[in-house]
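Visitor: I would like a close look at a single part of this protein. Could you take one helix, tell me what lies around it, and then guide me on to the places connected with it?

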Amino acid sequence: MTIPVRNIYRPTLQELAFSACELFRVSFKELADAKDRLKARKTVIWNATQYGYSSVEIGKFLVRDHTTILHHIHKMTHKKGVYKLDNKKEIQIRGVTYHSTKFAAAALGVRANTISVAKKNGSLDSVGLGI
């Protein structure tokens, strides 16, 4: 399941991996090698799929078979909680369609509440511009 992201900078897999390493405080080498770094690796997989990378591309980058990547994606999309996407509504801001308010907020560097308030006030086009 890929979120359509148009007109936005698409980070490289390496940039996504380094941000996950920073978040989970692991080295880049540990991300690919260690079995106990699964959360960080799943974060890279999830973020990469949201930017349209294929399981083959992600697998090559993380030195994993593409079926392993597909397995993780399947588990994440069918898990209850943070990765569950089925009940979200798409939102469009300045010509860019996001899968949910949460993803739009992350892409624009604002809180989800800011987008909800702007939607209610009819000022979605000014969200994230500092106006």
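**A close look at helix α6**

Guide: In this predicted model, the cover over the buried residues of α6 includes α3, β1 (91-93), β2 (96-98) and α7 (112-121). The helix itself spans residues 101-108, and its buried residues are Phe103, Ala104, Ala105 and Leu108. In general, an α-helix has 3.6 residues a turn, so residues three or four places apart point the same way. After α6 comes glycine 109, and its phi is positive, near 75°.

From α6 we can turn to α3, which is one of the elements covering those buried residues. Helix α3 runs over residues 38-50 and holds arginine 41. Arginine 41 counts as buried because its relative accessible area is 5%, which is under the cut-off of 20%. If we set aside the neighbours within four places in sequence, the residues in contact with arginine 41 are Glu30, Leu31, Ala32, Ala34, Lys35, Leu62 and Arg64.

Two loop residues complete the picture, and each has a positive phi of about 55° although neither arginine 25 nor valine 63 is a glycine. Arginine 25 sits in the loop between α1 (13-24) and α2 (28-33), and it is exposed because its relative accessibility is 78%. Valine 63 lies in the loop between α4 (55-62) and α5 (66-77), and with a relative accessible area of 64% valine 63 is exposed as well.

Methods
Residues are numbered from 1 along each chain as its sequence is written. This is a predicted model: local features need pLDDT of at least 70, side-chain atom pairs count only at pLDDT 80 or more; totals for chains, interfaces and linings use all residues. Side-chain values use heavy atoms; hydrogens and water are left out. Helices (H or I, at least four residues) and strands (E, at least two) are DSSP runs, numbered from the N terminus. Buried means under 20% relative accessible area, exposed over 50%, partly exposed in between (1.4 Å probe, protein chains only). Contact means heavy atoms within 4.5 Å.
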